Amino acid sequence: EGAGDVGEELNYTITGIDAGAGIMGAAEEALDVYGLDEWQVQASSDAAMTQALGDAYDNEEPIIVTGWTPHWKFAAYDLKYLEDPEGVFGEAEDIHTFVREGLEEDMPEAYQVLDNFQWTEEDMGEIMMDIQEGTDDREAARAWVEENEDKVNEWTEGVDPVDGETIDLVFVAWDSEIASTNMIAVVLEDLGYEVNMDPLEANFMFQAVAEGEADAMVAAWLPGTHSHLLEDYGDDMIDLGANLEGAAIGLVVPEYMDIDSIEDLQ
Ligand code: PBE
């Protein structure tokens with residue numbers, strides 16, 4: 001099957017996610033850089049994208065999605081990233097934790113845990129897969145915390161429990177961030193915090209932490225995906241460094257498709 005056919009079969013449409021995601025801007029840029037004038041990136045949501053991917057996969061139909069790692073879809077289906085010789089989607093990314101200014105003084109215990117928090121793609125993948133298989137978000141996070149006591153103890157060692165203080169976490173409803181935010185919420189709850197979790201669009205997530213309306217987020221993809229948001233808000237918040245290394249974004253297709261590179265869409 002040639003690339004021309006793929007374009008026609010797909011109505012020259014890449015299945016995207018929420019318009020505020022960094023990967024949507026990168027996908028638009030890819031259309032530009034690779035001269036894919038006929039193509040468009042359709043905005044939807046992570047949930048709608050994975051639904052469309054699953055439906056196409058079950059019928060061995062072509063589909064191109066905006067995809068990222070860590071994500072459960074790579075465990076559920078045989079997928080590949082399209083090669084990106086122009087490097088539009090960047091190299092490996094890290095996911096950073098950011099907190100509001102003053103959190104260290106106001107909530108030193110939470111600050112310490114958030115500063116210590118670091119895990120792997122496999123760790124996050126376990127929670128994501130569990131949720132994908134039908135477990136409630138918070139229960140999946142709790143199960144992981146209980147099964148990974150050693151790791152969690154490294155983050156909380158020497159940190160004093162607190163008595164019901166409220167901490168506000170913000171996130172975006174991407175599967176990866178649903179997993180990480182629920183997990184850290186469980187850890188903070190176990191320490192004695194009352195945790196609020198607010199799902200927002202990406203730019204409002206950054207803005208909330210920068211303006212001190214929220215206390216923390218664990219969902220900043222750097223140096224590429226959220227660089228535009230870091231530029232706008234980075235000066236007004238505290239970067240606690242990477243909580244996960246080796247993330248990635250790109251255009252993703254099922255293995256059974258005959259294309260291997262974004263250039264094949266020209
Ligand atoms: N993502 C998941 C986000 C960051 C985390 C790749 C969909 C984005 O594109 O902004």
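1. Where does the ligand sit? The ligand sits in the largest cavity, where a cavity is a set of points, on a 1 Å grid over the protein atoms alone, at which a 1.4 Å probe fits but cannot get out, and where sitting in it requires that more than half of the molecule's atoms lie within 2 Å of its grid points. The model is predicted, so local features need pLDDT of at least 70 and side-chain atom pairs count only at pLDDT 80 or more, while totals for chains, interfaces and linings use all residues. Residues are numbered from 1 along each chain as its sequence is written, and side-chain values use heavy atoms, with hydrogens and water left out.

2. The shell around the ligand (residues with a heavy atom within 4 Å of it) includes Ile-17, Ala-21, Trp-68, Trp-174, Ser-176, Glu-177, Trp-221 and Thr-225. By class it holds 7 nonpolar, 4 polar and 1 charged residues, with Ala, Val, Leu, Ile, Met, Phe, Trp, Tyr, Cys and Pro counted as nonpolar, Asp, Glu, Lys and Arg as charged, and the others, Gly among them, as polar.

3. Three polar contacts (pairs of N or O atoms within 3.5 Å) deserve a look. A backbone N or O atom of Gly-22 lies 2.7 Å from a ligand oxygen, a polar backbone atom of Ile-23 is 2.8 Å from an oxygen atom of the ligand, and a polar side-chain atom of His-226 lies 2.7 Å from a ligand oxygen. The protein covers 100% of the 280 Å² of accessible area that the ligand has on its own, with areas taken from the Shrake-Rupley method and a 1.4 Å probe.

4. Helix H2 (22-33) and helix H10 (175-190) are the elements that give two or more residues to this shell; helices (H or I, at least four residues) and strands (E, at least two) are DSSP runs numbered from the N terminus. Because domain 1 (3-91 + 249-265) and domain 2 (93-246) both contribute shell residues, the ligand lies between them; the bounds come from an automatic or database domain assignment.

5. Some backbone geometry merits checking. The peptide bond from Thr-69 to Pro-70 is cis, with omega near 5°, and Pro-70 lies in the loop between strand S3 (65-69) and helix H4 (73-76). Leu-222 and Pro-223 are also joined by a cis peptide bond, with omega about 10°.

Technical notes. A polar contact is a pair of N or O atoms within 3.5 Å; within protein, one must be able to donate a hydrogen and the other to accept it, and residues adjacent in sequence count only if both atoms are side-chain atoms. On a 1 Å grid over the protein atoms alone, a cavity is a set of points where a 1.4 Å probe fits but cannot get out, and a pocket is an open set with protein on both sides within 12 Å along at least five of seven lines; lining residues have an atom within 4 Å of a point.
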